[in-house]
Structure formats: structure tokens, C-alpha cells
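Me: I'd like to go through this model with you and ask how each label is earned. Could you set the values against the cut-offs as we go?

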Amino acid sequence: MICFACPSRLRTTLLLAALLAIGCAAFSGYLESSPYFPLSPASPRAGAAAATAHRAEQAAARPAGVAEATEVVGGVAPASRHWAGTTVPSRDAEVRPMVAGRVLRRAYAEGSLVHQGDLLFQIDPRPFQARLDQVSAELEQGGGETSRAAVDQARLDLEATAVRSPMTGIAAAQAKEGDLVNPTMVLATVSSIDPIGVRFQLGERDYLRYLDSLERGRARGAGFGALELELADGTTYPLSGSLAALGRRVDLATRTIAAGGLFPNPGNRLRPGQLARVRERIMGRDAMAAARGAAGAAGIMHPLRPAGRPRSTHQRNQDS
């Protein structure tokens, strides 16, 4: 039994009580800061940590290529799907000579823009000019229809020594000055890059959604959202594109199908071979439906509106 009448014992008791209180407070703070013990549910730090962990779990469970959809004030809920893509020419044309001969010169700068009808290569015309002179002389000396046909053919061969571009695009040479060439050889490839194509792999579910959205009489790709292009430096290409082509079969291993988009490319800013991220932009009610479909496929729920925010009567009527 402690005698509180003794001043010395009273001071000792109070000192021990104070030291015990300080120790308990320090130990409680250690538990809060320790990574080995959970935070109190009522703690603000605990709420923030739980929210961060929840978002991380949702991101890990979200299907590849599907971005989270969030509600925006004004009734528009934008969402996007994205895929890794590569820019490609919208069309390629191989340039072959119509006659055999030696290349005298290349008439364009490598990698430059050429227009339809521009001179690309000049094959030595002298043998063909000599042939034209010969058959023309025979025709003048009284040759018949055979000589006339020979003159026409010699004239065509002479004109063919000037090899011209079949379309507008970027030209890449495969022959050089001094080469002996013939009609089986490719002199150059001209690639049309306005519009420019983008190849990517479309998920099977998105492919089925694309098919379901098509209606008889509508243009191909009308049911697919506009495409955006994010370039390697993180900037978004200012012009939107559209889905333009689909492969013939679904890959069994990846459950994807080859797809192609087309983007306007004035000024030829984009070139084939660039890496880019393709995004399909979905707006409004379609975005919410697309996000719910992706969430259902993964067995998760995406937050289409902030937690605890009640729907208005107008919103409930729209949903019904």
C-alpha cells in the first residue's frame, strides 16, 4: 500500500506515471508509422493509403488496352481505348522500267516528295533513238504496215527511257546511276503517306463491338470511334483518323486481329516506321457502356461516377 502522506513517495509515483504515459504515446506513434502494422481505419492517412491501393488493384485488373472511364460534368463521359501502333504508308508502288538499259541519272533526292508524273530515272536513250531513226527510214522508203508498227513501238520504247512516278509520295531508290536494269528489276518504291496508315492489333471484343455497331448501308468504320494518335514524344497528333482496314483472321495466341487506321498527313510530318499509341475516343453514353463491358469482362467495377454521389432524377430517367 502506497502512503500518499509521504511527499517523497508521492513525487516518485507521479514521475513513474508521467514516464509511462510518454512511453505509451511514443509506442503508439511507432505503430502508426511502421509499415508492418495497418493504419487505423479512422486515420486520414489510412484512407489515402487504402484509396491508392484500391486504384492500383483496379489498374492491374483492367484489361490491356482499356482506359478507365470517369464521369464529367455536363453529361459527357469520355473514355478511350489504346493500342501500340506503327505508322505505315497508305499505299506502296514499285517502279520498274519498261525497257532494258543503263541508268544515266536519278532525277530526285532520296526520301523527297515526288508527284505523279515526275521524272525519277533516265535510262540511256541513245540505243532507242537509233532504233527509231532506222525504222523511220525504212518506213519512208516504202515500208508497209510492218514498218509503221515498228516505228510506233520504237517511239514508245524511247519515251519509256524516262521513268516517271506513278503517284505522289516519298520515293526510295533501289537502283543507282550506272546500273544495267531491265523490266524485272525494281528501280524505286514510291510510298503514299497522305493519308498515312497506322497498324495495330485490335482486341477480339472490340472487333465484335465494331461489327455489332455497323448498319446496312453505312460506310465501313462508321460505328467505330474517331482515332487519336499519341507520338513518341508524348504529344497528340492534331488531326483525328478513322478505322480503315481489318485483317482476315483473329490470331489464336493473342486473340487480336490486325487493324489499320488512316490519318491525314498534310506536309508529310509523319513518316513510315514511327512508333505511336492509337486511341479510340468514345463520348457520352457509348463511353459508359464500353467501360462497363470491359469491366464485366474482367470481373471488376469501374467508377463511372464518384463514390457517394447520388444520381439525379433526370439521370435515373435517362438510364431507364
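Me: How do you know that the span of helix 4 agrees with its 16 residues?
Reply: Happy to start there, with the reminder that this is a predicted model. Helix 4 covers residues 145–160, and at 1.5 Å a residue it should span 22 Å. The end C-alpha atoms are 23 Å apart, so the two values agree.

Me: Which residues of helix 4 are buried, and what do they pack against?
Reply: The buried residues are Ser147, Val151, Ala154, Leu158 and Ala160. They pack against helix 3 (126–140) and strand 5 (162–164). Some background helps here: an α-helix has 3.6 residues a turn, so residues three or four places apart point the same way.

Me: What makes leucine 16 exposed?
Reply: Its relative accessible area is 55%, and exposed means over 50%. Leucine 16 therefore counts as exposed. This leucine sits in helix 1 (residues 7–33).

Me: Which residues form a nonpolar patch with Leu16 on the surface?
Reply: Leu15 and Leu19 join Leu16 in that patch, and together the three have about 320 Å² of accessible area.

Me: Why is the pair of arginine 255 and glutamate 204 called a salt bridge?
Reply: The closest N and O atoms of the pair are 3.1 Å apart. The cut-off for a salt bridge is 4 Å, between a side-chain nitrogen of Lys or Arg and a carboxyl oxygen of Asp or Glu, so this pair qualifies. Arginine 255 lies in the loop between strand 10 (242–250) and strand 11 (256–263), and glutamate 204 in helix 5 (residues 204–213), so the bridge ties together parts that are 51 residues apart in sequence. The structure holds 8 salt bridges.

Me: Are these two partners buried, exposed or partly exposed, and how do you know that?
Reply: Arginine 255 has a relative accessible area of 37%, and glutamate 204 has 28%. Partly exposed is the class between under 20% and over 50%. Arginine 255 is therefore partly exposed, and so is glutamate 204.

Me: What makes Glu228, Glu230 and Arg279 a network?
Reply: The three are linked by salt bridges. Glutamate 228 pairs with arginine 279, their closest N and O atoms being 3.1 Å apart. Glutamate 228 lies in strand 9 (residues 226–230) and arginine 279 in strand 12 (residues 275–282), so that pair ties together parts 51 residues apart in sequence. Glutamate 230 also forms a salt bridge with arginine 279, with the closest N and O atoms 2.7 Å apart. This second pair links strand 9 to strand 12 as well, across 49 residues. Both distances are within 4 Å, so both pairs meet the cut-off.

Me: How do you know that arginine 279 is buried, and what of glutamate 228 and glutamate 230?
Reply: Arginine 279 has a relative accessible area of 15%, and buried means under 20%, so the label fits. Glutamate 228, at 23%, is partly exposed. Glutamate 230, at 24%, counts as partly exposed too.

Me: Why is threonine 256 called buried?
Reply: Threonine 256, found in strand 11, has a relative accessible area of 14%. That is under 20%, so threonine 256 is buried.

Me: What makes the link between threonine 256 and glutamine 201 a polar contact?
Reply: Their side chains are joined at 3.0 Å, and the cut-off for a pair of N or O atoms is 3.5 Å, so the distance meets it. Leaving out residues up to four places away in sequence, threonine 256 touches Gln201, Leu202, Gly203, Glu204, Arg249, Val250 and Asp251.

Me: What makes leucine 239 partly exposed, and which residues does it contact?
Reply: Leucine 239 has 31% relative accessibility, so it falls in the class between under 20% and over 50%. This leucine lies in the loop between strand 9 and strand 10. Aside from neighbours within four places in sequence, leucine 239 is in contact with Phe263, Pro264 and Pro266. Leucine 239 and asparagine 265 are 26 residues apart in sequence and 8.2 Å apart in space, C-alpha to C-alpha.

Me: How many helices and strands are there, and how much of the chain is buried?
Reply: The protein chain has 7 helices and 12 strands. Buried residues make up 32% of its 320 residues.

Key. Residues are numbered from 1 along each chain as its sequence is written. This is a predicted model: local features need pLDDT of at least 70, side-chain atom pairs count only at pLDDT 80 or more; totals for chains, interfaces and linings use all residues. Side-chain values use heavy atoms; hydrogens and water are left out. Helices (H or I, at least four residues) and strands (E, at least two) are DSSP runs, numbered from the N terminus. The expected span of a helix is 1.5 Å times one less than its number of residues. Buried means under 20% relative accessible area, exposed over 50%, partly exposed in between (1.4 Å probe, protein chains only). Contact means heavy atoms within 4.5 Å. Patches are made of residues with over 30% relative accessible area and no salt bridge: like charges are joined within 9 Å, nonpolar side chains (Val, Leu, Ile, Met, Phe, Trp, Tyr) within 5 Å. Accessible areas come from the Shrake-Rupley method with a 1.4 Å probe; for residues, only the protein chains shown count as cover. A polar contact is a pair of N or O atoms within 3.5 Å; within protein, one must be able to donate a hydrogen and the other to accept it, and residues adjacent in sequence count only if both atoms are side-chain atoms.
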